[in-house]
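Student: Hey, can you walk me through this one? I'd like to start with the ligand.

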Amino acid sequence: MLVSGKGGVGKTTLSAALAVAAARAGRPVLLAELSPDEGGPSTLSGLVGVKEAGPRVVPAGPNLSFVRLSAQEGHRLFLEETLPVKWLAEAALRSRALRRFLEAGPALKEMGLMFQLLALLRLTHPDGRRVHPLTVVDLPATGHALALATLPRSILSLMPGGPVGRAVREGLDLLQDPARTGVVVTTLPEPLPVSETLALVGELKDVGLPLSAAVLNRMPEDPFTPESRAALERLLETHGPHRGQRALERLERARLARERLAAGVGVPHWGLPELALTGMALVERLAELLESKLEGAASRGGREATP
Ligand SMILES: Nc1ncnc2c1ncn2[C@@H]1O[C@H](COP(=O)(O)OP(=O)(O)OP(=O)(O)O)[C@@H](O)[C@H]1O
Ligand SMILES: [Mg+2]
């Protein structure tokens with residue numbers, strides 16, 4: 001499950017909440033942070049109470065584990081897999097020239113992150129069950145979801161064969177398989193963010209990334225019954241502009257945003273309310289709300305239950 005969307009719309013909060021909701025429902029979940037700035041502070045780990053965010057998978061509660069994907073770890077795993085012996089990989093990574101090469105291009109960094117993700121997804125128990133049957137990935141910005149799909153293609157055109165080509169093709173197959181991957185796009189219930197989200201949905205389709213759900217985060221609460229709303233509107237008509245008008249307009253924009261999104265995405269859309277909470281308390285409450293949606297989706301046999 002890849003969580004994408006514009007900056008600041010709530011991707012990190014939603015990723016944590018989705019993972020907590022699934023874990024509570026009894027599914028083992030790996031919550032993964034994919035950040036271009038691996039050394040910077042990790043918001044996501046804090047939201048699930050993890051103190052040491054690093055490239056090793058750590059427990060974060062019942063059924064929940066956490067990892068901060070690392071390009072360097074991915075490069076190491078890649079070399080380990082492609083070079084005949086492990087010590088050669090270690091030695092190769094100690095070579096400064098190689099390190100500089102691997103860290104130079106953003107593409108290679110992305111590939112490293114992706115390779116570590118793939119390696120984690122491939123892990124199996126001795127009885128063949130997957131160690132991480134469900135992984136929620138918090139993506140840093142809109143462009144990243146697209147880069148995940150376009151980058152492997154450009155690499156394949158340069159290196160179609162060999163271990164690189166094989167690894168990249170495996171990643172691309174996984175990303176484009178709707179039974180195994182689903183993007184959850186997140187947006188705010190306002191006209192411009194929804195337009196941008198609809199554009200993103202189109203681009204995801206173009207690169208072959210399956211969409212599984214759209215989330216309208218921070219929906220304003222509607223305190224009105226139809227009657228009280230009609231009464232308020234009559235009042236506003238007679239008495240002219242009023243402070244309440246802005247709240248009403250925001251509600252109307254949110255309603256329209258929801259309608260446009262519903263019409264444009266072709267997958268389930270979920271509204272999450274604006275809450276007067278922050279941090280872990282916010283995540284816990286959103287997880288409760290998501291749990292019922294995930295259950296509903298699962299009982300309807302919806303694909304969004306297992307992205
Ligand atoms: N439903 C909500 N109600 C109230 N506040 C929210 C809600 N969802 C998110 N927030 C707040 O919005 C802010 C941004 O959220 P978050 O960091 O999850 O966004 P993001 O999309 O990951 O941002 P970035 O693009 O910077 O990574 C945070 O302060 C978070 O607490
Ligand atoms: Mg974030």
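Tutor: Sure. This is a predicted model, and in it the side chain of T12 has an N or O atom 2.8 Å from an oxygen atom of ligand 1.

Student: And what does R218 do with ligand 1?

Tutor: One of the polar side-chain atoms of R218 sits 2.9 Å from an oxygen atom of ligand 1. With P273, a backbone N or O atom lies 2.9 Å from a nitrogen atom of ligand 1.

Student: How much of the accessible area of ligand 1 does the protein cover?

Tutor: On its own, ligand 1 has 630 Å² of accessible area, and the protein covers 72% of that.

Student: Which elements give two or more residues to the shell around ligand 1?

Tutor: Those are helix 1 (11-24) and strand 7 (211-219). Helix 1 has the largest share, three residues.

Student: What classes of residue are in that shell around ligand 1?

Tutor: Five nonpolar, six polar and four charged. Of the 15 residues there, G8, K11, T12, T13 and N217 come nearest.

Student: New topic: how many aromatic pairs are there?

Tutor: The count is one aromatic pair. F78 and F115 meet edge-to-face, 5.1 Å centre to centre with 85 degrees between the planes.

Student: Which parts does the pair tie together?

Tutor: F78 is in helix 3 (residues 71-82) and F115 in helix 6 (residues 106-122), so the pair links parts 37 residues apart in sequence.

Student: Last one: is T197 buried or exposed?

Tutor: T197 counts as buried because its relative accessibility is 5%, under the 20% cut-off. T197 belongs to helix 9 (residues 191-207). Leaving aside neighbours within four places in sequence, T197 is in contact with V185, T186, T187 and L261.

Notes
Residues numbered from 1 in each chain as written. Chains lettered and ligands numbered in written order. Predicted model: local features only at pLDDT ≥ 70, side-chain atom pairs only at ≥ 80, totals over all residues. Heavy atoms only, no water. Helix = DSSP H or I, 4+ residues; strand = E, 2+ residues; numbered from the N terminus. Buried < 20%, exposed > 50% of the residue type's maximum accessible area, 1.4 Å probe, protein only. Contact = heavy atoms within 4.5 Å. Phe/Tyr/Trp six-rings, centres within 6.5 Å; stacked < 30°, edge-to-face > 60°. Near = heavy atom within 4 Å. Polar contact = N/O pair within 3.5 Å; in protein donor to acceptor, adjacent residues only side chain to side chain. Areas by Shrake-Rupley, 256 points an atom, 1.4 Å probe, with all protein chains shown as cover. Nonpolar A, V, L, I, M, F, W, Y, C, P; charged D, E, K, R; others polar.
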